[in-house]
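Here are my notes on this model, as numbered points you can check against the coordinates. Skim them in order, or jump to whatever part you care about.

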Amino acid sequence: MRILITGIGSIGSELLRQLEGQIYAFDIDETRLFDLLEECKLEGKDVIGKVGDIRDKDSLMSVFLEFQPKLVFHCAALKHVTPSMWTPREYVKTNVLGTLNVLELAREFGTQKVINISTDKVVNAENIMGATKKIAEIATKIYGRTSVRFGNVMGSRGSLLMIWAKQFAEGKPLTITDERMERYFMSIPEAVNLVIEASRIGKGGEVMILDMGKPKNIIDLKNGSGNIEVMGN
């Protein structure tokens, strides 16, 4: 099967490693794309790629014209909450308009399935990032495609544990926003396994919420690794 992956960050790159078939990777980061394609080449995987931006419909269309994907994993997104409040226009361009480009071209070229990678931050979204991803979910449903929603993925770029690891290495206190916070956690391979399963069972028009077990209190997560500093205190 011909598979297109937009965005090869933590989830997209792991999809490349786990999936079989003809795979096309599309990402704006040329260095990351080059490195990942070299890794795949060494492993004998059938992967090609192109540098481009989902916000540029013409660039994205060239991929659909050349590759004619039957399955699209739409991972490309701007995902950080705080920067979204600084530059909301950019998050609308990528998370909303970029997603619409993917959905429209998938419909135009007869793509069988589109799996949109969403986030738990769409729930009661009070920030630009969460709101734009919620709109992307709604658009995906309107187009009859599937969204997959999950929480914090350990080891992904910008995730809580990665931030804490850096703070710990620098001898700084581990910062949190609220002692009452609870978070769901899963590994990158676990998350991707469930995303692939969603692509198998998804019929279109639904939002699949992955079972991430029980949430863990943010204070319990420190495991004695350092002092906790509540932001704002």
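**Notes on the fold and a few residues**

1. Overall make-up. The protein chain has eight helices and 13 strands in its secondary structure. Keep in mind that this is a predicted model. Of the 233 residues in the protein chain, 43% are buried. If you take the contacts with a separation of 6 or more, 73% of them are between residues 24 or more positions apart.

2. The sheet. Seven strands make an open sheet, and the order to look for is β3-β2-β1-β4-β5-β6-β11, with parallel pairing. At the edges sit β3 (47-51) and β11 (207-209), each of which pairs on one side only. On average, neighbouring strands in this sheet are turned by 20 degrees against each other, ignoring direction.

3. Strand β1. This strand covers residues 2-6 and is mostly covered, with four of its five residues buried. On one hand β1 pairs with β2 (residues 22-27), running parallel to it over five bridges. On the other it pairs with β4 (residues 71-74), again in the parallel sense, through four bridges. Ile3 is a handy residue to click on here: its opposite number in β2 is Ile23, and in β4 it stands opposite Leu71.

4. Getting from β1 to β2. Which way does the β-α-β crossover from β1 to β2 turn, right-handed or left-handed? Follow the chain out of β1, through helix α1 (residues 10-18) and into β2, and the crossover is right-handed.

5. On from β4. Strand β4 is also joined to β5 (residues 113-117), by four bridges, and the two run parallel. To find the register, look at Phe73, which stands opposite Ile115 in β5.

6. Helix α1 against helix α8. For a pair like this, two numbers do the describing: the angle between the helix axes and the distance between those axes. Here α1 packs with α8 (residues 188-201) at about 70 degrees, and the axes are 9 Å apart. The angle therefore makes α1 roughly perpendicular to α8. On the α1 side the contact is made by Ser10, Ile11, Glu14, Leu15 and Gln18. On the α8 side the residues are Ile188, Pro189, Ala191, Val192, Asn193, Val195 and Ile196. Sorted by class, the contact between α1 and α8 comes to eight nonpolar, three polar and one charged residues.

7. Helix α3 over the sheet. Helix α3 (residues 57-67) lies across β1, β2, β3 and β4, and runs at about 170 degrees to β2. Two of its residues are picked out in the next two points.

8. Ser59. This serine has its place in helix α3. Is Ser59 buried or exposed? Its relative accessible area is 14%, so Ser59 is buried, the cut-off being under 20%. Apart from neighbours within four places in sequence, Ser59 is in contact with Phe26, Lys50, Val51, Gly52 and Asp53.

9. Met61. Also to be found in helix α3 is Met61. With a relative accessible area of 24%, Met61 is partly exposed. Which residues does Met61 contact once its neighbours within four places in sequence are left aside? They are Leu105, Glu108 and Phe109. As a distance check in the viewer, Met61 and Glu104 are 43 residues apart in sequence, while their C-alpha atoms are 9.9 Å apart in space.

10. Two backbone angles to look at. As background, most residues other than glycine have a negative phi. Gln68 has a positive phi, near 50 degrees, without being a glycine. Gln68 lies in the loop between α3 and β4, and is partly exposed, with a relative accessible area of 29%. The phi of Asn124 is likewise positive and near 50 degrees, in a residue other than glycine. Asn124 is in the loop between β5 and α6 (128-142). Is Asn124 buried or exposed? Asn124 is exposed, because its relative accessible area is 68% and the cut-off for exposed is over 50%.

Notes. Residues are numbered from 1 along each chain as its sequence is written. This is a predicted model: local features need pLDDT of at least 70, side-chain atom pairs count only at pLDDT 80 or more; totals for chains, interfaces and linings use all residues. Side-chain values use heavy atoms; hydrogens and water are left out. Buried means under 20% relative accessible area, exposed over 50%, partly exposed in between (1.4 Å probe, protein chains only). Two strands pair if DSSP finds at least two bridges between them. A crossover is right-handed if, with the strands pointing away from the viewer, the path from the first strand over the helix to the second runs clockwise. Axes are lines fitted to C-alpha atoms, for helices over the stretch in contact, and angles run from 0 to 180 degrees between N-to-C directions. Angles under 35 degrees count as roughly parallel, over 145 as roughly antiparallel, 65 to 115 as roughly perpendicular and the rest as oblique. Contact means heavy atoms within 4.5 Å. Ala, Val, Leu, Ile, Met, Phe, Trp, Tyr, Cys and Pro count as nonpolar, Asp, Glu, Lys and Arg as charged, and the others, Gly among them, as polar.
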